[in-house]
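Please follow this explanation with the sequence and the coordinates side by side, since it moves from an interface between chains to the interior of one chain and then to the sheets and domains of another.

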Amino acid sequence: MKKFYSLMAIVLLASMFLSACSGAAPAASNTAPDCTKAFCVGDVTDVGHVDDKSFNQSTWEGVQQAKKDGNADWVQYVETADSKDYAKNIATFADAGYKVIVTTGFNLTDPTYAAAKKYPKTLFIGVDQFISKDTNHPDWPLPNLVGLVYNEDQSGFLVGALASMMSKAHSIGGVFGTDAVPPVWRYGEGYRAGAAYEDKKNGTTTTVTNVYHNDVGFDKTFTDPTWGATTAQSMIDKGADVIFGGGGLTGNGAVDKAAADKVLAIGVDSDQYYTLPEADPYLLSSALKPLTAPTATLIGTAKAGKFPTTGLSFGAAGYAPYHDVASKVPANVDAEMQALVKGLTDGSIKTNVPPVKPQ
Amino acid sequence: MQRSDEPGSAKNLGQWLNPLLVPLLAIVTAIICGGLIIQAAGGDPIAAYRGLIQGSFGSPQALSETAVWATPYIFAGLAVAFAFKGGLFNIGAEGQLAFGAVSAALIGYALPGWLHTSLPAYIHIPLAVGCGMLAGAIWGGIPGALKAYTGGHEVINTIMMNYIALNITSFLLNGPMRDPDPLNLSARTPEIAPSARIPPLFNIPDMRVHWGFILALLVAVLIWWLLWKTTLGFEIRTVGANPDAAKYAGINVKRIITITMAISGALAGLAGAIEVTALNYRHELGFSSGYGFDAIAIALLGKTNPYGVILAAILFGAMRNGATRMQFLTQIPIDIISVIQALMLLFVAADAIIRFIYHIRVDEERVVLTRGWGG
Amino acid sequence: MDWRRFAIILFVIVIMFGTVVLIGVSQNSPLVIITSMIATTIAVATPLTLGALCGLYCERAGVVNIGIEGTMLGAAFFGWLASIYMNTIFHFPAMPSLIVGVIAAILTGGLFALLHAVLSITFKVDQIIGGTVINILAAGITGFLNRQLFFGAGSVFHGQIPNAPGVLPTLRVPFLADIPIIGRIFEQQPIAISAIALVIITQFVIFNTRWGLRTRAVGEHPRAADTVGINVIRMRYLNVIIGGFMAGLGGAYFTLESISSFEANMTNGRGFIALAAMIFGNWTPFGAWSAALVFGAAQALQINLQFFRTLIPPQLAVLQNSYVVGLAPYLLTMLILTGLIGKTIPPAADGKPYEK
């Protein structure tokens with residue numbers, strides 16, 4: 001009897017992996033070339049997975065794009081499991097002779113700076129890593145380190161303005177990860193500022209409610225779509241008719257729920273028309289923080305020997321096209337949006353959002 | 001009643017080797033199964049394991065990193081194992097660790113300012129680490145006292161305390177304890193004073209292994225001594241094995257339960273304190289890899305024995321550390337590590353399966369951890 | 001049923017709702033606020049209730065199950081996978097695909113529970129270990145497969161997640177749902193309704209049927225039960241598997257009712273909260289459900305206080321701090337549990353493997 005049960009237990013376990021067996025394509029592709037000779041590019045993610053449908057994934061896609069463009073012979077990623085691995089993960093690439101290393105996320109700012117000093121022949125691209133000259137970073141700007149930074153508040157401003165103009169009930173909501181992460185907070189406050197700007201211009205009053213997922217740990221705050229959905233539903237029940245989902249997978253949950261409730265939704269970071277197809281009928285736009293193309297471009301400059309030495313490279317703010325919702329957007333709203341983009345770019349319009357949440 | 005759970009009582013090599021045989025085979029079997037899964041998913045198991053071993057043991061730097069990973073695992077694993085020995089399930093290691101870290105950081109960066117003097121290292125370090133332990137002890141002692149005196153189950157209370165600790169530390173790190181440097185964007189404390197830092201073992205760059213690792217090994221021996229060579233330890237183990245018998249033997253069960261949880265919490269707090277004083281030199285609200293739950297698996301894998309916990313902690317630390325290189329060489333998702341760890345735990349625990357496969361007869365007492373939820 | 005405990009919980013929930021109503025009344029009418037909070041409460045409580053019921057079936061029969069978290073996660077993944085396969089590969093329409101998904105989730109729950117049963121009952125592996133194994137295994141398998149199947153050009157689906165067939169439709173109670181504003185409470189999705197129904201059914205089954213009596217006998221005094229001719233092993237197996245079905249349904253909530261996608265580790269500790277709810281409820285269905293409702297209400301409180309942040313009067317400024325509000329449900333649980341209710345009494349033979 002015991003033998004039968006043991007066998008059953010093993011069969012049970014084996015049956016779990018059925019999907020893996022059935023027609024899985026090979027996971028590991030070619031083996032790496034000698035990176036001291038070839039032009040290899042490495043990507044170190046922030047804590048989390050590379051298939052997170054947002055941040056880490058977009059950067060990795062940019063790196064892959066560079067390979068497609070012919071600017072890299074070999075690309076590879078390493079996922080960080082814990083913040084104490086940052087230096088080790090960067091070193092894994094650097095010691096193997098990788099020419100360019102992309103590190104994702106502002107938590108990697110200091111480890112990347114330290115690595116850039118330690119490996120002067122390797123080029124580093126720090127996504128979302130803002131550095132300026134100070135006591136902690138006396139040698140900045142370094143010739144081999146560029147921070148790819150964004151004005152999330154501007155992208156948030158744009159979609160906030162759009163949302164307030166499109167909201168019939170004059171009530172809009174935003175569902176975010178934790179506001180302890182500055183880019184997230186900037187999105188939220190930019191959203192609020194954009195709505196306020198349009199209110200002032202049009203004489204309306206739009207209620208803007210932002211809810212941040214502060215009640216769980218960092219490891220959960222961006223990966224809790226169920227909470228995002230529940231929060232979005234709560235807002236919709238109270239009359240909000242545009243929902244901005246700005247927090248990785250948590251925000252995705254909010255966007256999905258809004259679309260399921262036939263309420264306009266706004267995505268974040270990339271044009272989520274493509275990553276959240278189930279929300280397409282109601283996806284008004286996305287607050288853009290284009291990571292893919294600028295990453296690919298920067299790698300291209302590295303390959304061409306024209307790596308920027310100014311230390312920072314600013315990505316453009318923007319908003320995604322309306323796609324399926326275009327017919328619902330009046331012409332004057334669209335014109336206003338174009339004017340806002342111009343105003344933000346040439347500096348005539350300011351969001352007045354501080355870089356970090358004030359204490 | 002446990003019979004052969006005390007190590008060091010070996011009469012001959014066979015008696016010493018036997019308890020290790022099944023766990024070793026279990027681990028080997030789990031590794032083989034893991035290899036089969038990788039194969040089935042289209043990866044190359046040999047390359048994967050080569051990467052894993054290279055990354056964890058293949059160079060002095062790798063060994064150093066493995067030790068760095070293992071240190072908090074040893075402390076946290078001891079915490080959970082200690083509680084198990086007392087018949088209690090401490091799921092709250094995560095919260096106790098957080099409080100330990102926050103307290104140690106506070107003493108580390110603020111104490112010289114409060115006292116308007118700089119402190120020598122031999123005072124500052126013990127103070128910082130000691131406060132971390134104390135904070136952990138309090139955070140563990142509260143659910144212990146609640147269980148002892150009101151019957152409230154420690155599983156719920158420790159889970160709740162985890163979330164409460166999370167919110168309190170978030171509040172502190174975003175508010176009063178936040179690094180005031182204008183260019184700081186993160187929720188973190190200022191760096192602790194140099195006098196509060198535990199030095200690394202070697203003065204070689206890239207080798208971060210520190211004296212905290214040695215401390216962890218020493219503490220494990222201390223816990224062994226406490227449990228098997230002191231009256232308190234005897235009382236704790238008796239309450240763990242049979243609370244009713246303990247009561248009739250005159251042991252103050254309520255007091256023992258509280259003390260057990262407090263010590264368990266202190267160990268977890270120590271994990272956090274050491275991470276702050278020896279590795280990061282500050283505390284940051286970061287992405288943690290869930291030490292609390294790993295600690296449960298480590299305590300179980302080590303059969304709640306302090307030496308077993310050391311080995312299990314090093315094993316887990318090696319796997320987590322080596323996963324990077326494995327992924328670097330083969331691009332296999334690091335989730336496979338979790339599957340292999342689960343299988344290890346499974347096979348170690350269900351030794352009947354291993355015995356069946358390898359036709360071993362081992363007459364070892366089964367370690368019983370679950371006493372149900374009975375108060 | 002412990003009426004005193006119920007009364008306290010009801011009181012707490014009323015206080016939470018009342019606070020939000022008072023704060024937000026200038027922006028939304030009280031009815032709107034209450035309705036919205038009830039909706040949130042039910043949404044949050046659904047998986048917790050089902051998870052607690054899982055624990056309940058297992059533990060009333062004497063088997064400790066801390067693997068609820070892993071079971072729900074596994075069920076969420078495989079249920080979702082099944083619905084996608086049906087919809088995209090076999091080209092079934094949405095509703096049948098979803099139903100197949102729910103069934104697959106329930107069966108997956110049963111399968112994980114079977115593993116736990118085999119380990120705990122037959123191999124007499126310590127039940128804590130068994131549960132831990134399931135949690136780690138589920139997290140690893142689902143994360144691994146999620147990656148292998150959907151990520152990257154080399155994956156089975158070539159990096160594109162196939163369209164999921166949406167979520168389960170909202171059902172309406174015929175007359176009640178037409179009441180303005182509060183009618184919203186009577187529009188619920190199937191799993192949420194099932195959770196409430198299962199609480200009532202479980203209460204009846206465990207305490208008013210012969211099956212329930214046998215189950216409890218097996219959980220309290222297995223040797224005595226054995227003497228009277230009850231097959232202890234069989235009863236334990238069956239109850240654990242039923243518990244697995246409950247958790248499976250709970251897992252289905254995440255990917256088939258709440259939203260239509262899967263993310264790694266999306267259960268996020270809710271399985272452990274469910275465990276706490278079960279203990280809090282003193283191993284009774286209504287008790288566990290009430291605990292789940294407290295958590296749901298607390299989360300509603302947290303969301304709504306942020307929602308009405310600007311309206312919070314200065315005297316209550318502490319409520320503006322999301323961390324203070326965030327720890328409220330947990331603190332509340334501890335206080336209620338230890339301060340007012342005290343000792344919880346588990347089934348006497350809970351956790352002890354049965355030796356014939």
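Between chain C and chain B, 42 residues of chain C are in contact with 43 residues of chain B, in what should be read throughout as a predicted model. On the side of chain C that touches chain B, at least two residues each are supplied by helix H5 (127-150), helix H10 (270-280), helix H12 (322-326) and helix H13 (328-341) of chain C, and the largest share, 14 residues, comes from H5(C). Sorted by class, this side of chain C has 24 nonpolar, 12 polar and six charged residues.

Turning to chain B itself, one finds 14 helices and zero strands, so that, by the way helices and strands are assigned as DSSP runs, the pattern read along the sequence of chain B is α-α-α-α-α-α-α-α-α-α-α-α-α-α. Of the 375 residues of chain B, 61% count as buried. Among the contacts in chain B that link residues at least 6 apart in sequence, 79% join residues at least 24 apart.

One helix pair of chain B can be followed in detail. Two packed helices are described by the angle between their axes and the distance between the axes. For helix H5 (residues 121-150) of chain B and helix H10 (residues 253-280) of chain B, the axes come within 6 Å and cross at roughly 145 degrees, and H5(B) passes H10(B) in a right-handed crossing. The residues of this contact of H5(B) with H10(B) divide into 19 nonpolar, 12 polar and two charged.

Within helix H10 of chain B lies B:Gly265, and one may ask whether B:Gly265 is buried or exposed. B:Gly265 is buried, because 35 other C-beta atoms lie within 10 Å, where 20 or more are needed for a residue to count as buried. When its neighbours within four places in sequence are left aside, B:Gly265 is in contact with B:Gln96, B:Gly136, B:Ala137, B:Trp139, B:Gly140 and B:Gly141. As for distances along the chain, B:Gly265 and B:Ala278 are 13 residues apart in sequence, and their C-alpha atoms are 20 Å apart in space.

In chain A, the domain assignment gives domain 1 (40-149) and domain 2 (153-288 + 322-346), and the C-alpha centres of these two domains of chain A lie 29 Å apart. Where the two domains of chain A meet, seven residues of domain 1 are in contact with eight residues of domain 2, and the side of domain 1 that touches domain 2 has, by class, two nonpolar, two polar and three charged residues.

Chain A also has an open sheet of six strands, with the order S2-S1-S3-S4-S5-S11 and parallel pairing. Its edge strands are strand S2 (74-80) and strand S11 (312-314) of chain A, each of which pairs on one side only, while neighbouring strands of this sheet are turned by 20 degrees against each other on average, direction ignored. At the S2 edge, strand S1 (residues 40-47) of chain A pairs with S2(A) in the parallel sense over six bridges, and A:Asp43 stands opposite A:Tyr77 in S2(A).

At the other edge strand, the loop between helix H12 (292-303) and S11 of chain A holds A:Gly311. A:Gly311 counts as partly exposed because it has 18 C-beta neighbours inside 10 Å. Apart from neighbours within four places in sequence, A:Gly311 is in contact with A:Ile131, A:Trp140, A:Pro141, A:Leu145, A:Val146 and A:Gly147. A:Gly311 and A:Val50, by comparison, are 261 residues apart in sequence and 26 Å apart in space, C-alpha to C-alpha.

Another strand of chain A, S10 (residues 283-288), is largely enclosed by the rest of the structure, because six of its six residues are buried. Strands of a sheet pair through backbone hydrogen bonds, either parallel or antiparallel. With strand S9 (residues 264-269) of chain A, S10(A) pairs in the parallel sense over five bridges, and the bridge partner of A:Asp269 in S10(A) is A:Leu288. With strand S12 (residues 318-319) of chain A, S10(A) is joined by two bridges and runs antiparallel, and here A:Ala287 stands opposite A:Tyr319 in S12(A).

Conventions. Residues numbered from 1 in each chain as written. Chains lettered and ligands numbered in written order. Predicted model: local features only at pLDDT ≥ 70, side-chain atom pairs only at ≥ 80, totals over all residues. Helix = DSSP H or I, 4+ residues; strand = E, 2+ residues; numbered from the N terminus. Nonpolar A, V, L, I, M, F, W, Y, C, P; charged D, E, K, R; others polar. Axes fitted to C-alpha atoms, helices over the stretch in contact; angles between N-to-C directions. Left-handed = near helix turned anticlockwise from the far one by under 90°. Buried ≥ 20, exposed ≤ 12 C-beta atoms within 10 Å, placed from the backbone. Domains from an automatic or database assignment. Pairing = 2+ DSSP bridges.
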